[in-house]
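Got your viewer open? Load the model, pick a cartoon style, and keep the selection box handy.

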Amino acid sequence: MPDLTPASAVPATDGSALSAEDNKLVTLARSARARVGAVEGAAVRDQDGRTYAAATVVLPSLAVTALQLAVASAVASGATKIEAAAVATEASELDGAGHAAVRDLSGDAPIHVAGPTGALLGTVTA
């Protein structure tokens with residue numbers, strides 16, 4: 001699981017370092033998380049600027065991270081590239097499965113990790 005250490009992330013204290021489009025992703029991720037009371041919420045933006053938001057799903061027969069589900073939704077809608085992603089979480093590190101799902105479609109898309117309040121914890125770039 002990638003953590004938010006200086007080698008893998010650009011630290012920040014608030015969303016002001018993000019573009020308006022990336023701030024929108026953080027807002028969508030927070031909303032997805034809050035809507036169902038999930039551990040995580042995530043949002044991604046595809047090559048056409050379309051956004052997809054999702055929350056963590058944990059069922060007896062299925063467990064999917066929010067970021068995996070957001071990427072899957074994008075792919076199911078025809079996306080071939082992820083431009084950027086955001087995760088709103090209480091965890092101190094980005095889950096490995098979600099990170100891998102984004103990297104399947106983009107080796108360099110930033111993944112912004114925010115706390116539940118939207119405060120940016122860091123950005124994973126590799």
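Where is Thr117 found? Select it and look at what flanks it: Thr117 sits in the loop between E6 and strand E7 (120–124). Keep in mind as you click around that this is a predicted model.

Is Thr117 buried or exposed? Switch on a surface: Thr117 is exposed, because its relative accessible area is 62%, and exposed here means over 50%. Now add Thr27 to the selection and draw a distance between the two C-alpha atoms. Thr117 and Thr27 are 90 residues apart in sequence, yet the C-alpha to C-alpha distance is 9.6 Å.

Next, zoom out and colour by secondary structure. You should find 3 helices and 7 strands, and walking along the sequence gives α-β-β-β-β-α-β-α-β-β. Of the contacts between residues at least 6 apart in sequence, 62% join residues at least 24 apart. With the surface still on, the protein exposes about 5900 Å², and carbon and sulfur atoms supply 58% of that. As for the inside, buried residues account for 44% of the 126 residues.

Time to go inside. Select Val44, Leu67, Leu94, Val102 and Ile111 and show their side chains: these have the most contacts within the largest nonpolar core, a set of 20 residues. Elements giving two or more residues to this core are strand E1 (40–46), strand E2 (51–55), helix H2 (66–76), strand E5 (82–89), helix H3 (96–105) and strand E6 (111–114). Which of them gives the most? That's H2, with 5 residues.

Stay with Val102 for a moment. What does Val102 touch once neighbours within four places in sequence are set aside? Pick Leu67, Val71, Ile82, Ala85, Ala109 and Ile111, and you have its contacts.

Then hop to the other core, which lies apart from the largest one and has 10 residues, among them Leu25, Ala29, Ala43 and Ala114.

Last stop: H3. Select Gly98, His99, Ala101, Val102 and Arg103, which are buried residues of this helix. Bring back the cartoon around them, and the cover over the buried part of H3 includes H2, E5, E6 and E7.

Finish at the N-terminal end of H3, showing Asp95 as sticks along with the backbone of Ala97. Asp95 caps that end of H3, with a side-chain oxygen 3.3 Å from the backbone nitrogen of Ala97.

Note on methods:
Residues are numbered from 1 along each chain as its sequence is written. This is a predicted model: local features need pLDDT of at least 70, side-chain atom pairs count only at pLDDT 80 or more; totals for chains, interfaces and linings use all residues. Side-chain values use heavy atoms; hydrogens and water are left out. Helices (H or I, at least four residues) and strands (E, at least two) are DSSP runs, numbered from the N terminus. Buried means under 20% relative accessible area, exposed over 50%, partly exposed in between (1.4 Å probe, protein chains only). Contact means heavy atoms within 4.5 Å. Accessible areas come from the Shrake-Rupley method with a 1.4 Å probe; for residues, only the protein chains shown count as cover. A nonpolar core is a set of buried Ala, Val, Leu, Ile, Met, Phe, Trp, Tyr and Cys residues joined through side-chain atoms within 4.5 Å. A polar contact is a pair of N or O atoms within 3.5 Å; within protein, one must be able to donate a hydrogen and the other to accept it, and residues adjacent in sequence count only if both atoms are side-chain atoms.
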